[in-house]
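Open the model in your viewer and show side chains as sticks. The stops below concern aromatic rings and what surrounds them.

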Number of protein chains: 2
Amino acid sequence: MTQRRPTIGVFDSGFGGLTVLKALLEVIPDADYVYFGDTARLPYGSKSVETVGRYAVEAAHYLEGHGAELLVIACNTATALALDRITAAAHVPVVGVVEPGAEAAASVSNNKKVVVIGTEATVSSHAYRKALERRGLNAREKACPLLVPLVEEGWIEHPVTEEVARIYLGEAFADGFHDADALVLGCTHYPLLKPLLDRVAPSHVSIVDSAQSTAHAVAGRLQKLLPPPPVGEERRAVPRLKFFATDSVEKFRRLGERFLGHSIEEVQHVDLKE
Amino acid sequence: MTQRRPTIGVFDSGFGGLTVLKALLEVIPDADYVYFGDTARLPYGSKSVETVGRYAVEAAHYLEGHGAELLVIACNTATALALDRITAAAHVPVVGVVEPGAEAAASVSNNKKVVVIGTEATVSSHAYRKALERRGLNAREKACPLLVPLVEEGWIEHPVTEEVARIYLGEAFADGFHDADALVLGCTHYPLLKPLLDRVAPSHVSIVDSAQSTAHAVAGRLQKLLPPPPVGEERRAVPRLKFFATDSVEKFRRLGERFLGHSIEEVQHVDLKE
């Protein structure tokens, strides 16, 4: 039992969750991973609570069926809209990205005033504002629906993306939030825009990427679930990765590599019987 | 029988098909309409042939179940990727938007050289190029994945949208297509950008919106299906409209009005048992 490697299930509507998987691989290399991208029904960011909840629970069950002993909801929209519902439906522990993101923001913000950017659905849920207020922070939430399509178009360093970011952040850092000192990337696509957002955001602002803090939260949960290997023994440190996607596997491989930062070998198509 | 009003089913992945419905209401006001927007699974434009085909056939059956005697596939992606599959699965006549759009382009282009803009999926299918080549025209197809999110963000007349259009059209009207004299709007979202595209496209270019030509194609099919009312009698010219959406009905109403150009009263939520 002590030598058994844990299997971690990671779920996202598409590719963005791969930025969280990337952080997980750095923090917890001695695990196996099953990743589910619901690419046939993406994006979740413009959809309703009911629809996102139904999709997310299906994905959670799929990953449990493939051996996941812990589920990471590596999608801000699914976490914001459906974490409770997923946790209730799942038979294993579930970690979302909102609480770790809020925790990281609380630790870097000095004046307790932060801006959160995310999809329309994440922002409407006010999940971040609630999580931040519980920690004594004031939050301005701003929906940035064009950033995901810009990332998927590959316009990572592009004048149009810079102009769009300037408009969105200009609206967010206004009316009493000029002095907010942290910017939370409340969507797993946004880490790809970090250098650009760093240039566009006011210079006193720290950028908080919840991928890192989520990976550490998962490591903490895992320690409680599985005892560490005995002294002198180590779990094999080369993670095994399995990917499932509901739309084209070829496209998943091609676009996914941009998010994960290295090549994606094996992707299997999944039909959720729609 | 002669006084019976036809019921026309109109299908799109979301809201764009409402620009086609708008044209249908002008050309065929003496009909009833059932509109199905698959908003829980939009957009189709970035998805695979297999996935779009499965979704579209489900929608077609749904509309038949609600009395549609003729189906209009008011979505370029679904038409381009799945018209044959829908036609084979349906029990009523099916009209797509690609053939009418190609027909209209053939009638306005003098030098038989046209540019078609659309989603990634529509462009990859080459449905427009094939339809235009059958009519003796040369076509350059250009995917413009950012235009749909820009329209949905409401940035209809916006410097960012103008810059994005300038980049896309600059790439399209190049390398042997500088003198193309027609621009086909191969996505039902694009008619909302017609004034902007008219400014950005080279001045000698005519813009072809397939909504109008599709409405006339439907009127032609209908005449063969249903005899006109006897002389002296007329069908009631106030169309009845029924809307179905797979995601939030409130959002459908709100966003849909922008596309249809007038208010949307009754929207019913549909669960396609996913």
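**Aromatic rings, stop by stop**

Select A:Phe11, A:Phe36, A:Tyr44, A:Tyr55, A:Tyr62 and A:Phe244: ring pairs link them into a cluster. Rings of Phe, Tyr and Trp (its six-membered ring) pair if their centres lie within 6.5 Å; planes under 30 degrees apart count as stacked, over 60 as edge-to-face and the rest as tilted. The model is predicted, so local features need pLDDT of at least 70 and side-chain atom pairs count only at pLDDT 80 or more, while totals for chains, interfaces and linings use all residues. Residues are numbered from 1 along each chain as its sequence is written, chains are lettered from A and ligands numbered from 1 in the order in which they are written, and side-chain values use heavy atoms, with hydrogens and water left out.

Stay on A:Tyr55 and add A:Arg41, whose charged end sits over the A:Tyr55 ring, 3.8 Å from its centre. For this, NZ of Lys or CZ of Arg must be within 6 Å of the ring centre and within 35 degrees of the ring normal. In chain B, select B:Arg41 and B:Tyr55: the charged end of B:Arg41 sits over that ring at 3.7 Å from its centre.

Over all chains, the structure holds 22 aromatic pairs. One of them is A:Tyr35 with A:Phe243, tilted, with 5.9 Å centre to centre and 55° between the planes. A:Tyr35 is in strand β2 (residues 32–37) of chain A and A:Phe243 in strand β9 (residues 240–245) of chain A, 208 residues apart. Helices (H or I, at least four residues) and strands (E, at least two) are DSSP runs, numbered from the N terminus. Both A:Tyr35 and A:Phe243 are buried, that is, under 20% relative accessible area (exposed is over 50%, partly exposed in between; 1.4 Å probe, protein chains only).
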